[in-house]
Each structure stands twice: as C-alpha cells, then as structure tokens.
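This report is meant to be read beside the sequence and the structure. It takes up the sheet, the helices, the metal site, the charged pairs and the cysteines in turn.

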Amino acid sequence: MAGAAPTTAFGQAVIGPPGSGKTTYCLGMSEFLRALGRRVAVVNLDPANEGLPYECAVDVGELVGLGDVMDALRLGPNGGLLYCMEYLEANLDWLRAKLDPLRGHYFLFDCPGQVELCTHHGALRSIFSQMAHWDLRLTAVHLVDSHYCTDPAKFISVLCTSLATMLHVELPHVNLLSKMDLIEHYGKLAFNLDYYTEVLDLSYLLDHLASDPFFRHYRQLNEKLVQLIEDYSLVSFIPLNIQDKESVQRVLQAVDKANGYCFGVQEQRSLEAMMSAAVGADFHFSSTLGLQEKYLASSDQSVEQETMQL
Ligand SMILES: Nc1nc2c(ncn2[C@@H]2O[C@H](COP(=O)(O)OP(=O)(O)OP(=O)(O)O)[C@@H](O)[C@H]2O)c(=O)[nH]1
Ligand SMILES: [Mg+2]
C-alpha cells in the first residue's frame, strides 16, 4: 500500500471464557481478512496460550511468562495470569513499542479467558482504554460456546456474564455464539436459534425452568436476573461457524460497523457502502463476497488494489 501508514488503527479484542474458541477465531478471522486483502497483525495477550496456531506479530510471553510468575510468586494459574495482566498494564510502553511499527495493520488481540478480567478486574479494561488513547479503535468480540444454549439455566448465566462484560470492558461490543458447527451434536434446543440470538421475551426461559425440580426453587432469583437483562436490552448474539466464510463475513460486517472501520479511510467511501454497513443490507456484501471468491481463487495481490479502488 503506497503512502504513509494511517495513524488510526482498527482491530478486535477477542475475549470470552476459557475454551470458547478465541485462539481458533483469531486464526480463522486472520486468514479471512488476509483473503480480503487486509494486512493483519495478531497479538497474543494470553501468556497461557501455548503452541499458537497463527503467526504471532507480538507475544506477551516475551514480556512476562506465566510459569515464571507462578514459580516466583507461588501463585496458581489463575492468580498468576491476573498478575501477568497487571504487569502488562504497568509496562504498556513495551506494548506500544511493539504496536507502533505495525501501524497500518488491522489488529486481532487474542486475550486471556479468565472471566474476572472481563467482568470486574481492572487490568484488561485499562489496557484497552490506553489503546484507545493510541488511536486504536477496537471492537470487543466476546465468544460464548453455543453449548450453553442447550440448558436454559446456563443460558441465563451466559446472558448475565455477557451483560457484565459489555458494561465492564467499555468497548463497542459484538457477542458471538461460537462452535455453531457442533450445535446439532449438543442435542435438541428448547427454542429456535433466533430465540437465543435475539434474546427476546426471556419469560419463556423461566417457564422452561419451572419444570426443573432444582431450578423451580430459584424462580424468583431467575426472574430478577432475566428482568435485569431485559431492562438493559443490550445483549444479543451472532452465531459463528468459523469454518463457514459467510458466517465469518456476517461477523466481520457487525465488527466493522461497531468500531467504525467501514466508515474509515481504509474502506471504499461510496455512499452505497456506508449505507449498506449502516443498515446491514445485502447488496453491498454480495459484491464484496464476489471479490473475496475471486481473491481466494487467486493469490494475485492486485485484488487488494482493486478493493481500494472500488
Ligand atoms: N468444532 C469446533 N471446535 C472449535 C471451534 N473453535 C474452537 N474449537 C475447539 O475448542 C477448543 C478450544 O479452542 P481455543 O481456540 O483454544 O479456545 P480459547 O478460547 O482460545 O481457549 P483458552 O485460550 O484456553 O481460553 C479447541 O480444541 C478447538 O479446536 C469451532 O468453531 N468448532
Ligand atoms: Mg486461547
């Protein structure tokens, strides 16, 4: 790409509970973005990640090692990881020195899975907030295993965690139900998938729980929790099958809209594109998909220039 690298950078902070698929998402999304012609840098912020499947542009393990922290401070894996994040928070000049030469890239941050980091601990939020001061515009992409849809009680817990994460992390936010390729293996869902993704009228979940001998004793508690989620009216999900490029495309559309990438100088600035991003209409993305097919069929870098000229 000719010319000076733009100062504003865009990216995704990939968060979610342990095993929800964050590292796999970073691999799949980075491959997809490269196929679209974006220059991508994947940053590993999880010192517990081992055997990274993607090419890592920056690795927090170079700054602080989880094993060393656990040995030196006699901490368990959870406490050790929290310490590592606090250490990173105290050494953000290291991170900035690593990110500055990568200006012009689209960033994917693979974050640790400790739930408290996203619901009440301050270190990760403070790191994201500092990145915003560096003009790095992030969307929080919060992954939740779709397995939780199979149990209404677990789904209420997931809704509470997702809401708490949205309020705590304070970034533009997209919630994903990951591993959708496995949903049929998890057994029959009590409701249609739309019911779980749109999070409307949660009283049906309560009715479902009423038939459970254990949970019917907690009806009042669940009623209050459900009421809280409905009052905020913030939580919804996009289903994700990371193997399916149309599914990844839908996620990217939401992410680009949330962090403003689709309105930035990097993207085509036609009125049509802006309107499509704003209303989520298909006509824009059908043309992008066509281009993507073309790119996937050929390794010709000229497609990137074609994207920029559109
Ligand atoms: N079938 C299927 N398996 C997946 C998918 N995403 C992740 N997995 C599997 O789920 C497991 C956990 O995936 P990871 O990507 O390591 O999850 P993570 O959130 O990074 O986990 P932590 O770093 O431990 O918090 C691995 O065995 C993956 O192969 C998916 O979309 N479909
Ligand atoms: Mg991981």
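## Terms and model

A residue is called buried when its relative accessible area is under 20%, exposed when this area is over 50%, and partly exposed in between. By this scale Arg137, with a relative accessible area of 41%, is partly exposed. The model described here is a predicted one, and the values given below were computed from it.

## The sheet

Seven strands make up an open sheet with parallel pairing, and their order across it is β3-β2-β4-β1-β5-β6-β7. The edges are taken by β3 and by β7 (238–239), each of which has a single partner strand, so that one side of each is left without a neighbour in the sheet.

Strand β4 is paired with β2 through five bridges and with β1 through four bridges, the strands running parallel in both pairings. Leu108 of β4 is a useful residue to look for here, since Val42 stands opposite Leu108, and Leu108 is also the bridge partner of Gln12. Elsewhere in the sheet, β5 and β6 run parallel and are joined by six bridges, and Asp145 stands opposite Ser178 in β6.

## The surroundings of β4

How are the residues of β4 placed with respect to the rest of the structure? Five of the five residues of this strand are buried, and β4 is therefore largely enclosed by the rest of the structure. Their side chains are divided between two directions: Tyr106, Leu108 and Asp110 point one way from β4, while Phe107 and Phe109 point the other way, and all are buried.

Two helices can be followed across the sheet. Helix α1 lies across β1 (9–15), β2, β4 (106–110), β5 and β6, and runs at about 170° to β4. Helix α11, formed by residues 245–259, lies across β1, β4, β5, β6 and β7, and runs at about 140° to β5.

## The magnesium site

Which residues coordinate the magnesium ion, ligand 2? They are Thr23, through its OG1 atom, and Asn49, through its OD1 atom, at 2.1 to 2.5 Å. This pair links distant parts of the chain, for Thr23 belongs to helix α1 (residues 22–36), whereas Asn49 lies in the loop between β2 (40–44) and β3 (56–59), 26 residues apart. Thr23 has a relative accessible area of 19%, and because this is under the 20% limit, Thr23 counts as buried.

## Salt bridges

Side chains of opposite charge can pair when their charged atoms come close. The structure holds eight salt bridges, and among them is the one between Arg125 and Glu170, whose closest N and O atoms are 4.0 Å apart. Here, too, distant parts of the chain are linked: Arg125 is in helix α6 (residues 123–133) and Glu170 in the loop between α7 (152–169) and β6 (173–178), 45 residues apart. Arg125 is partly exposed at 31% relative accessibility, whereas Glu170, with a relative accessible area of 57%, is exposed.

Another salt bridge joins Lys179 and Asp145, with 3.4 Å between N and O. Lys179 lies in the loop between β6 and α8 (193–198) and Asp145 in strand β5 (residues 136–145), so that this pair links distant parts of the chain, 34 residues apart. Asp145 is buried at 14% relative accessibility, while Lys179 is partly exposed at 27%. Asp135 and Arg137 meet in a further salt bridge, at 3.5 Å from N to O; Asp135 counts as partly exposed at 25% relative accessibility, and Arg137 is partly exposed as well, at 41%. Asp207, Arg219 and Glu223, in turn, are linked in a network of salt bridges.

## Cysteines

A disulfide is a covalent bond between the sulfur atoms of two cysteines. How many disulfides does the structure hold? The number is zero, and Cys26 shows why a bond is missing in its case: the closest cysteine sulfur, that of Cys111, is 7.9 Å from the sulfur of Cys26, which is too far for a bond, given that the two sulfur atoms would have to be within 2.5 Å. Cys26 is buried, at 0% relative accessibility, and Cys84 is likewise buried, with a relative accessible area of 0%.

Terms used:
Residues numbered from 1 in each chain as written. Chains lettered and ligands numbered in written order. Predicted model: local features only at pLDDT ≥ 70, side-chain atom pairs only at ≥ 80, totals over all residues. Heavy atoms only, no water. Donors = N, O, S within 2.8 Å, 3.2 Å for Na, K, Ca; no water. Buried < 20%, exposed > 50% of the residue type's maximum accessible area, 1.4 Å probe, protein only. Salt bridge = Lys/Arg side-chain N within 4 Å of Asp/Glu carboxyl O. Pairing = 2+ DSSP bridges. Contact = heavy atoms within 4.5 Å. Axes fitted to C-alpha atoms, helices over the stretch in contact; angles between N-to-C directions.
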